[in-house]
Amino acid sequence: MLKETQLIRSVKGTRDLLPAETHLWQRVEDEARAVLGAYNFREIRTPILEQTALFARSVGEETDIVTKEMYTFADRDHESLTLRPEATASVVRAYIEHSLYNEGGIQKLYYIGPMFRRERPQKGRYRQFYQIGAEVLGSDHPTIDAEVIEMLMLFLSRLELKNTALLLNSVGCPICRPHYLAILKNALAGVKANLCADCQRRTATNPLRVLDCKVEADQPIIARLPSILDHLGPECGQHFDRVTAELNERGIEYTITPRLVRGLDYYTKTTFEITSGALGAQNALLGGGRYDGLAEMIGGPPTAGIGFSIGEDRLVLAVGEAAQGKPDYAAPPVAAYIVWMGDRTLAPARQLARELRRQGLSVEIGYEPTKLKKSMGIASRIGARFAVIIGEGELESGRYQVKDMVSGEQKEVEPVNIAEYLRGPVAASNDVTPQTSARGANKNG
Ligand code: HAM
């Protein structure tokens, strides 16, 4: 219980993203939308609240997510609701609920938003975290698997992320997996006593999860367990061969990792992860795979699907490290700080601010009369690229002083020409400055 005067802080495992960081998030999201758009993905926005049964059935009753990590509560009418721990189940639910399959062809959908898992917080692991995810519904063609991975590679290369590794596996399907599970259970029976407590439980509840165990002492034992890739049925085997052949053809490097079973139960055939060397213990940048049976698990028609989710918090961490000092990752500068001196100059100064802003330039103006020296101090503190100075003399001459805060050069410019005068250098200072909106406003204005 909080004392009445005690400071109220954010909830453990959640964080405020402050303006110094959000520009990088926006940069990453802009790039994601551009690449997803190029591959013809369209955005879907599903609710954060869902019925608990959606995740219990799809992610799996025995998974860590469902047994330990969900924020689940009874609504006032006693319905069990959950803050989504992931969005694939929600996207498939929406696809079924709105009969998107009636639109014909395949649906390529993407989402960006918060997810909630009650994990132990650490660097790169939060209780509210963000994902950029995409799902392709309506085809089981292996080319889609390869194309989705190709798109991810393009996205990561656009962000200049190096030191990443693509891990690839197949987890089979409901026809061939039971056969492998029987073999795995058999092998586990012989080593069960030497495994960690969680894995001892998993040998009975969900033996595949043993492969996913992170406990150091278990690793040599797990390394000797039979590989699922040696037990795929003909269809899953062919699918996997086609995916790897298509990745080879595209020149995409990968490491086949038979232990990569992923922490969610809905997967069939292809699974993959991309790890980043820039991250610490939580090095999985993204994960994904095929889930051809998921739609049926939640009451829909048979629908093949594949997708991925990028951990945006981790991506931003990695990009932030890779981008240190690169100007195009810096926050866009304020184009101009408008300095006015004397009551008579206030109205024209406001008018200029309004016009520059209408043209899409970022402008700040003081609200109180301020001495020139102090005003220039403000201009430099807020990182303004230019200061526009308007005094009585400037009003008389009809030309304002425009000072380049980088070179120190000062010029007299007529108010109508100021926007044009600022635009070039401002754009050059940062190529994410809203050039398009500035041009757009010009055209319409
Ligand atoms: P996931 O592997 O559970 O897959 O999560 C995907 C990514 O989300 C992880 O690789 C990680 O980067 C990030 N992530 C997960 N938990 C946290 C956390 N507590 N804090 C920060 N980041 C986290 C899925 O969610 C599936 N829906 C992926 C998918 C889409 N499969 C098919 N389609």
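**Exercise 1. Polar contacts of the ligand**

Which residue has a backbone N or O atom that lies 3.3 Å from a nitrogen atom of the ligand? Identify it in this predicted model, and then describe the other contacts listed for β11 and its surroundings.

*Solution.*
Step 1. The residue is Phe308, whose backbone N or O atom is placed 3.3 Å from a ligand nitrogen atom.
Step 2. Ser309 contributes through its side chain: an N or O atom there is 3.3 Å from a nitrogen atom of the ligand.
Step 3. At Gly311, a polar backbone atom lies 3.4 Å from an oxygen atom of the ligand.
Step 4. The ligand taken alone exposes 660 Å², and 96% of that area is buried by the protein.

**Exercise 2. The shell around the ligand**

Determine how many residues surround the ligand and which of them come nearest, then state which element gives the most to the shell.

*Solution.*
Step 1. There are 26 residues around the ligand, and those that come nearest are Glu86, Thr88, Glu119, Tyr267 and Ala284.
Step 2. Sorting the shell by class yields 10 nonpolar, 9 polar and 7 charged residues.
Step 3. At least two shell residues come from each of β6 (128–137), β10 (284–290) and β11.
Step 4. With 6 residues, β10 gives the most to the shell.

**Exercise 3. Internal cavities**

How many cavities of 30 Å³ or more does the model contain, and which residues line the largest cavity?

*Solution.*
Step 1. The count is 5 cavities of 30 Å³ or more.
Step 2. In the largest cavity, the space amounts to about 60 Å³.
Step 3. Its lining consists of Ala32, Val35, Leu36, Ile132, Met151, Leu152, Phe155, Phe308 and Ile310.
Step 4. Two or more of these lining residues come from each of α1 (19–38), α5 (142–158) and β11 (305–311).
Step 5. By class, the lining has 9 nonpolar residues, with no polar and no charged ones.
Step 6. Phe308 appears in two settings: in the lining of the largest cavity, and in a contact with a ligand nitrogen atom through its backbone.

**Exercise 4. The chain as a whole**

Summarise the secondary structure, the dimensions of the C-alpha trace and the share of buried residues.

*Solution.*
Step 1. The protein chain comprises 16 helices and 16 strands.
Step 2. Its C-alpha trace spans about 90 × 60 × 45 Å along the principal axes.
Step 3. Of the 445 residues in the protein chain, 49% are buried, where buried means under 20% relative accessible area.

Notes: Residues numbered from 1 in each chain as written. Predicted model: local features only at pLDDT ≥ 70, side-chain atom pairs only at ≥ 80, totals over all residues. Heavy atoms only, no water. 1 Å grid on protein atoms, 1.4 Å probe; cavity = no way out; pocket = protein on both sides within 12 Å on 5 of 7 lines; lining within 4 Å. Points joined across faces, edges and corners; volume = space filled by probe spheres on them. Helix = DSSP H or I, 4+ residues; strand = E, 2+ residues; numbered from the N terminus. Nonpolar A, V, L, I, M, F, W, Y, C, P; charged D, E, K, R; others polar. Near = heavy atom within 4 Å. Polar contact = N/O pair within 3.5 Å; in protein donor to acceptor, adjacent residues only side chain to side chain. Areas by Shrake-Rupley, 256 points an atom, 1.4 Å probe, with all protein chains shown as cover. Buried < 20%, exposed > 50% of the residue type's maximum accessible area, 1.4 Å probe, protein only.
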